[in-house]
Amino acid sequence: MLHGREEEQALLRRMSAEGRAGRGNALVLRGDAGIGKSALLEFCAEQADAARVLRGAGIEAEGRLPFAALHLLLQPVADRIGALPHAQRAALGDVLGARPQTPESISAKGMALLALLTDIAADGHLLVLIDDAQWLDRFSAEVLLFAARRLRAQGVTMIFAGRGGPPEFPSPGIASRTLEPLDAAASAELLADLHPALVAPVRERILWEAAGNPMALAGLSGALTDRERLGGVFPPIGPLSGPRVPGTVREVFQARVTGLPRATRSLLLLAAIDDRGDLGVLVRAGHLLGVSVEDLEPAEHGGLIELGDRSLAFRHPLVRAVVRETSSLPQRLAAHNALGAAYEGELDGDRRAWHLAAGAVDADEELAALLMRTAPRARARGGPGALAAAFERAASLTPDPSVKADRLAAAAKAALDAGQPDWATSLVSGAAPLPRRPVTRGRLALVNATLAYRRGAPATAARDLLRLAGSINGDAPSLAVTMRANAMRYAVLADDLPAADQAMAALASPSAVAAAEVGMVSAAMAVRHIIAGDPLQGLPHLREVISRARAANGEARLKLLGAHAAHAAGDDDAAFELADALTRRCRDDGDLGLLPEALTLLAMARLHRGLSEDALAGATEGLRLAEDTGQEHQEELLLAVSAQLAAVTGEDERCRALAAKATAKAEGREIGLAESWGTYALGLADLGLGRHADAAGKLEAISGTRWIRSPFLINGFGADLVEATALAGRPGDAAEALEALETWASRIDQPWARAVALRCHALVHPADAETSFEKAVELHAQGGRPLERARTELLWGQWLRRARRPGDARPWLRSALETFETIRAAPWAARARTELSAAGERFRPRDAEGGPLSRLTSQEIRVVRLAAGGASNREIAAQLFLSPRTVAYHLYKAFPKLGVSSRRELRRFQGQGSDADASARVAPDPAA
């Protein structure tokens, strides 16, 4: 029976009930050692009814071994992995040692784990209990938390228990509850249950020392002899000056551990250091130390460990800590070396290397090289974070100072890619006093510059890169080009045009650089022209970048530059292709440092293709990653992008809140881009809601800033400014913006852009309206930007209605309304309905609610799209990282909402809300 935990028990019961009802959830229980976290996990397991329970735990000594905890958790359900689609099966294969050296990223493994848990939950509610979360290896923790944040629609309940607060176990996006010490009444009830015969002085002393810690109450009372419980000699458990829960509990276990035979303690130390629980390994290592398995008997009889057929487990994690703490440094070093010698075979090579490295005292290049050889496997299994750990430990063993600096620089770059800025900063600092080759200095400078840029200080980044690039140009010309190209970007963002010109001059005639670097040079030149107010001169450079990025097989940085260039050039197909490829590459590589920017680019590309829900999902994920990885500048931009998405979907209050948050975060920084983006989102919201004067005011306020020429706004801002100003009754004030828009549209030569320019011409020059609108809708029929096409059709239909031609207006207004409903552009859809009503259209209630797809959840929409295209459940599962059962469930839920009863009937929804449907549609026949 649990005492004093009624609120927590009620919460856990509710969570289990929700899980049984198919509503998944997750919780982190936090608190000091012995406070009752494990007891609450046991309560969860007992309350699970017929649910399946998966149990795992973090292991302190395996914190550097990728996926060690996940391996233990998944062993009981390893047979279920084989039933998953290939993508999920491949992502989890190496976790269980089935496939070493595989490239799946943390996110891919997280989605695969989610698919596995969902598949198991299809048999009934699944309860996942993770104890000692503070000791989870980083890679298992990231995968588990990735899945835990996405349980809402699954019948899975996941409970973590960990010591301390968020620093010990960061869990952003997961609800948490901190367990406080028991109150006096609950403590007394628990102690009475444990030992009802305690005399009053002893009972009061234990209650005081335990200070409400349940494990302390049990440990202190359990350590007493019968004589002591009845008032005899009381053990010296510390002064009564105040509660010392961890200390007093530790002292109880320490007394038990130190009383064991030396041989027993040697074996326990092996288990405490490795704690994989494999008796075979422990016995082999024990033989090297002169002890045998029989020496474990005193620890088992003393209640410190539990032995299985081939496994050993500590009864409580604090016992493990005490075993380690009561050992000497020479004993720990000997244990590591024995374990390193005991591990055999290819799959255990990493454990062998890490134990031998941990057992080393002096620098040892042979051991360092052994660790370096584990790096490719670490990279493949755990992404850049595991790579950084391997490089860092190898550096610590490296005797040559310059080689040590090289390895620290590599570790810093990997830590940065892993989204760990503090770790990267520490590694750079460690390399600073060492002798460094020119290439090493350049690599460290690039890491420092990226850190500065992500903190919102691009001017510092640009100056540092330019200063160093000249000194290393002779030794590493390609690296110098990369540094100058990055300096160009940072200088432009900092509005330091002299520094940008310095970089451009140095980049004007690079001697011989790789394709990726030529792309960097072209991108730098294009950005310089755009921000300087001469975007037309930048177009050839943009097209060069796009061409090289599309031709590149896997260079992530070039894909990034290409996606930016495609946005600036208005090439939506290339922007989507490159942003999608970049996002996939970042996920595969575990590059969390670059992924938020990739998701920003993909969100904008999806919005342009009419996929507002998908765009919001990507922006939301990017925002969470930017927050988790300390990328303050990217966080500001994603807030502003999210505000723009809210403007499109008509969430006016949310748009304002997001824009205000972006502006507040950007205040005082060297980059004002997010503030301009946020203001643009507010103007777009006003425009959608028909508040033209307000929209014009906001858009005019930022029309003179250099930020409005950013790649994200250059292809939308001008048209919105013209429309808002013209519809506010000031068409004359829009003439200059219209002229710039028409010139730009003619040069980028995208049908949608020329159509938008013609639409704006019709608004500013009413005499040419009919001809301009007719040409515009013809161009829109060639594809691109469904929102812009529908806006043109709305304004054209409005013009026709007001010209007393309602019959001609209705087909265009119907087409506009269908698109607005499909992409969920609610403000414009409302205006289209109003115009249709004025043109004589009569709506049934169902019509006003939107099309059939508007009744589906975003996940159901994705499943229906693929099913309508002919994909099987297994093929859909592989693409969406779901189980086939979950796909079948989503289709089961979607069929009645769509009014269909078979997959064949879904064909009429093929393309609805998809890229193809959103970007191209045959113009309506006015005679229809």
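## Strand β3 and residue Asn25

β3 and strand β4 (residues 156-163) run parallel and are joined by 5 bridges. Keep in mind that this is a predicted model. Here's a quick look at β3 and its pairing partners, then at Asn25 over in strand β1 (residues 25-31).

**How β3 pairs up**
- With β4, the position to look at is Val128, which sits opposite Met158.
- Strand β2 (residues 52-57) also pairs with β3, again in the parallel sense, this time over 6 bridges.
- If you want a register point for that pairing, Val53 has Leu127 of β3 as its bridge partner.

**How β3 is packed**
- Strand β3 covers residues 126-131, and 6 of the 6 are buried, so the rest of the structure largely encloses it.
- Side chains in a regular strand alternate between the two faces of the sheet.
- In β3 both faces are covered: one side has Leu126, Val128 and Ile130, the other has Leu127, Leu129 and Asp131, and all of these are buried.

**Around Asn25**
- Asn25 has a relative accessible area of 7%, and that's under the 20% cut-off, so it counts as buried.
- Leaving out residues up to four places away in sequence, Asn25 touches Met15, Glu18, Gly19, Leu151, Val156, Thr157 and Met158.
- One of those, Thr157, makes a side-chain to side-chain polar contact with Asn25 at 3.4 Å.
- The Asn25 side chain also reaches the backbone oxygen of Arg23, at 3.5 Å.
- Ala148 is 123 residues away from Asn25 along the chain, yet their C-alpha atoms are separated by 7.3 Å.

Definitions and conventions: Residues are numbered from 1 along each chain as its sequence is written. This is a predicted model: local features need pLDDT of at least 70, side-chain atom pairs count only at pLDDT 80 or more; totals for chains, interfaces and linings use all residues. Side-chain values use heavy atoms; hydrogens and water are left out. Buried means under 20% relative accessible area, exposed over 50%, partly exposed in between (1.4 Å probe, protein chains only). Helices (H or I, at least four residues) and strands (E, at least two) are DSSP runs, numbered from the N terminus. Two strands pair if DSSP finds at least two bridges between them. Contact means heavy atoms within 4.5 Å. A polar contact is a pair of N or O atoms within 3.5 Å; within protein, one must be able to donate a hydrogen and the other to accept it, and residues adjacent in sequence count only if both atoms are side-chain atoms.
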